[in-house]
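Work through the exercises below with the sequence and the model open side by side. Each task is followed by a worked solution.

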Amino acid sequence: MDGTIGVGLDLCAVCGDADDLLTSRAYPAPERPTRTAFQRDRDRIVQARAFRRLAGKTQVFTSRASDHFRSRLTHTIEVAQIARDVAQALGLNEDLAETLALVHDIGHPPFGHAGERALDECLKRHGLRFDHNLHALRIVEHFEQRYAAHRGLNLTLGVREGIIKHSRDYRADQYPELSSYFLGRRPPLEAQIIDLADEIAYLTADLDDGVESGLLEIGHIREHVDILARCYDEIEREHAGVEAKFLFNEALQLMQNVLTDDLIATTLANTREIGATCLDDVRDHGARLATFSPLAESQRLQEKRYLYDTLYTCGALSIEHEKAAEVVASLFDFWIANPQELPAGYIEEIETEGLARVVADYIAGMTDSYILLQYAQVKRTVRR
């Protein structure tokens, strides 16, 4: 689209060395003429162990509930689809947007947000916090070991910045260790759109999985979620007499398209309104330029409240969340008291990282099934 900006298009011509800076790496790496720097980052992420483990991590429903529900990995793929669509429409760098979408959840622990809350509570007792964005950066910079010359995946600066800043901004005085990531300035639009692509993906998917689970009912959703109701009515007018579940599926697709189109149009309008012509204009603007319109934002908030009230905090999932918290806390306390029971590689990290952080790192890397196996083994050890 005329007037839009992106890291890989007009922006770099205006900003001079911006592209070289964002594609720079911490360690020298040979060039590949058939692939861009961000394409190579995408491939490194997809081949990482932490990425593969997303297949065994909870999105909303655990993998034990049904093979049909989304895992953290399938959710990630859906976010990547939306991010590429938005980036293409806005003339942004599609490779960077896709790569950031694929890596955006790589730092999540097992059991979804329940596991993350539990791990954060454990760390608070030691004066620390768990932040899945910062943990993702630790994964790609330190834990993944695939190269002879260095630790980490040696990703570009643009991808590493997007990992930590796609969903929030960090203050330089609070995070001096992140000073190389343009703290106090906005990330490129490719990073800004990821958080909203994430919202679109899970707002659509969680209604779908909620109905599939039997915890949500299509009629009740139509009564309380305005955007879905309007989409359903439109589909029903076109396909009168069709079974409700098929109308609902079509309505979900339409809702996703409506939100995606709104994100594209609003971000384009915001960018044009400030007259942005280079990356510095995006970075130095007082607010993020990638947003929904006021109407779409109100609809998003309404649906998010509905999902929280009817699905995320319902009795069946609350039981799962309580179990997750028990498993995480029990294992955390066990390894704090018995650090010699940690794998050798983690024991080696204690001197530099501290015991609490190392235990959290170990737990965060686990899949749902593996952490439950560890929990069972620890319970047997304690009984003895």
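Helices here are DSSP runs of H or I with at least four residues, and strands are runs of E with at least two, numbered from the N terminus. The model is predicted.

**Exercise 1.** State how many helices and strands the protein has.

Solution. Applying the run lengths above gives 20 helices and zero strands.

**Exercise 2.** Decide what the radius of gyration says about the overall form of the protein.

Solution. Start from the chain length of 384 residues, for which a compact globule would have a radius of gyration near 21 Å. The protein has 22 Å, which agrees, so the value fits a compact globule. Next, take the box along the principal axes: the C-alpha atoms fill roughly 65 × 55 × 40 Å. Then turn to burial, where 51% of the 384 residues are buried. Finally, consider contacts with a separation of 6 or more: residues 24 or more positions apart account for 71% of them.

**Exercise 3.** Describe the largest nonpolar core and find which helix gives the most to it.

Solution. The largest nonpolar core has 84 residues, and I163, L178, L207 and L228 have the most contacts inside it. Helix 10, residues 189-213, gives the most, with 11 residues. For L178, set aside neighbours within four places in sequence; its contacts are then L134, L137, I164, Y170 and L183. Another core, of 26 residues, lies apart from the largest one and includes A114, V327, L331 and F332.

**Exercise 4.** Characterise the exposed area and the charges of the protein.

Solution. The protein exposes about 17600 Å², and carbon and sulfur atoms supply 50% of that area. For charges, count 43 positive and 62 negative side chains; the centres of the two sets lie 7 Å apart.

How values were computed: Residues numbered from 1 in each chain as written. Predicted model: local features only at pLDDT ≥ 70, side-chain atom pairs only at ≥ 80, totals over all residues. Heavy atoms only, no water. Rg over C-alpha atoms; globule rule 2.2 N^0.38 Å. Buried < 20%, exposed > 50% of the residue type's maximum accessible area, 1.4 Å probe, protein only. Contact = heavy atoms within 4.5 Å. Areas by Shrake-Rupley, 256 points an atom, 1.4 Å probe, with all protein chains shown as cover. Lys, Arg positive; Asp, Glu negative; His and termini not counted. Charge placed at Lys NZ, Arg CZ, Asp CG, Glu CD. Core = buried A, V, L, I, M, F, W, Y, C linked by side-chain atoms within 4.5 Å.
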